[in-house]
Amino acid sequence: MPNQRHSYFYPTRVEYGPGVAQELPLMVKETGFTKGLLVTDQGLESTGIPKKIRQVFYESGIELITFNDVKSNPTCNNVYNGTNLYKASGAQFIVALGGGSPMDVGKTIKVMATHDGPLEQYDDTLGGDKLIQNTMPPFYAIPTTAGTGSEVGRSSVITVKATNKKTIIFSPYMLPDIAILDPELTVGLPPGLTAATGVDAFVHNLEAYWVDAFHPFADGIALKGMALCFENLEKAVENGQDISARGNMLMGSSIGATAFQKGLGVNHSIAHALGVYYDIHHGLANAALLIGTTKYNIEDNKSRKRFESLGSIFGVKNDAGIILDIIESWLNRLKLPTDLKSFNIDKTDLEKIETYALSDPTCPTNSRKVQSGDIVRILERLI
Ligand SMILES: [Fe+2]
């Protein structure tokens with residue numbers, strides 16, 4: 001609230017533009033460093049993008065050693081192997097290239113490059129953030145998908161083998177030094193993945209805006225982020241080569257992740273649970289849940305009023321039912337699910353999913369206070 005104390009961290013340097021990734025070596029050169037570690041994955045390696053990045057660095061007299069063994073659900077071993085390579089090669093900075101996983105691994109290598117192991121001691125839920133010092137190497141993030149917005153995030157999620165737990169590592173010092181938003185690097189993303197990742201970005205903006213907290217910075221950009229996603233996602237899905245649409249989606253994605261420093265909501269809480277128990281793609285889960293969780297949220301008076309203020313984003317009057325219909329038909333046009341019928345969710349798992357979702361860090365900031373039993377009811381309507 002305006003009369004209370006708040007801290008805001010919105011300092012990411014963003015370099016945006018078609019082809020801007022080719023300028024990164026010049027930005028790195030200002031630091032005087034001549035050798036870095038490129039963190040990416042095998043899937044992306046097969047597209048040839050990492051090769052091009054290595055080449056532009058090489059032409060600028062900077063060597064990039066590659067660590068491309070990042071798994072889709074990264075483990076601590078990924079981080080340890082990357083850190084060992086970083087140290088053994090004498091690298092001085094890190095470039096992460098790809099989707100959320102290379103970003104997470106890159107950020108965590110940055111931590112482990114100057115901090116002692118084991119990784120689990122930095123578990124954010126156990127206060128590990130206080131152990132992370134600002135002594136880490138420079139870190140540059142180049143996303144090749146528009147969705148997670150990890151390039152402006154200060155945390156990573158790594159599965160720790162010893163505890164078999166998805167562990168959040170967080171520190172304001174993990175924020176990338178520069179986020180490189182180059183829409184040319186996202187044109188190869190297939191339509192289905194473009195839609196699924198893009199709707200994740202949309203939901204970040206929507207849920208962040210919807211959080212009942214005093215954060216005008218986040219509210220302002222979340223409105224713009226929502227509009228960018230709503231206006232451009234279909235264009236990017238229909239024509240992957242549309243650089244404007246791709247660029248606007250990258251912006252909508254970075255804005256979404258910046259905005260959700262304010263918080264997220266129950267849509268993400270359940271999406272995280274469905275990722276753990278059913279391995280459902282995060283973007284698909286967000287799409288499939290969105291109509292159900294929105295109907296639930298707008299049953300609450302205060303929550304509905306805030307949702308109704310979004311009419312102008314969708315070009316309609318401020319009416320919750322009309323806005324909901326617009327979003328549902330948009331998801332249909334994007335060929336995304338609007339319920340969980342196709343995911344074969346077992347009714348006997350609903351309690352388990354609710355328990356996980358209720359303990360997810362995104363749940364307490366939902367626009368409507370989530371009570372025990374609410375998530376089971378939401379899910380019953382969707383399966
Ligand atoms: Fe998300």
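In which sense do strand S2 and strand S4 (residues 93-98) pair, and over how many bridges? The two strands pair in the parallel sense, over four bridges. The model described here is predicted. This briefing covers the strands around S2 and the site of the iron ion.

**Strand S2 and its partners**

- Strand S2 spans residues 35-39 and is mostly covered, as four of its five residues are buried.
- Strand S3 (residues 63-67) also pairs with S2 in the parallel sense, over five bridges.
- Within the pairing of S2 and S3, lysine 35 has glutamate 63 in S3 as its bridge partner.
- On the S4 side, valine 95 is the residue opposite leucine 38.

**The iron site**

- Asp200 (OD), His204 (NE2), His268 (NE2) and His282 (NE2) coordinate the iron ion, at 2.1 to 2.2 Å.
- The spacing of these donor residues along the sequence is D-x3-H-x63-H-x13-H.
- Two of the donors link distant parts of the chain: histidine 268 lies in helix H9 (residues 266-278) and histidine 282 in helix H10 (residues 282-297), 14 residues apart.
- The arrangement of the four donor atoms is irregular because they subtend angles of 85 to 172° around the iron ion.

**Accessibility of two iron donors**

- Histidine 268 has a relative accessible area of 1% and is therefore buried, the cut-off for this class being under 20%.
- Histidine 282, with a relative accessible area of 26%, is partly exposed.

Terms used
Residues numbered from 1 in each chain as written. Predicted model: local features only at pLDDT ≥ 70, side-chain atom pairs only at ≥ 80, totals over all residues. Heavy atoms only, no water. Donors = N, O, S within 2.8 Å, 3.2 Å for Na, K, Ca; no water. Tetrahedral: all angles 85-135°; square planar, octahedral: opposite > 155°, others 65-115°. Buried < 20%, exposed > 50% of the residue type's maximum accessible area, 1.4 Å probe, protein only. Pairing = 2+ DSSP bridges.
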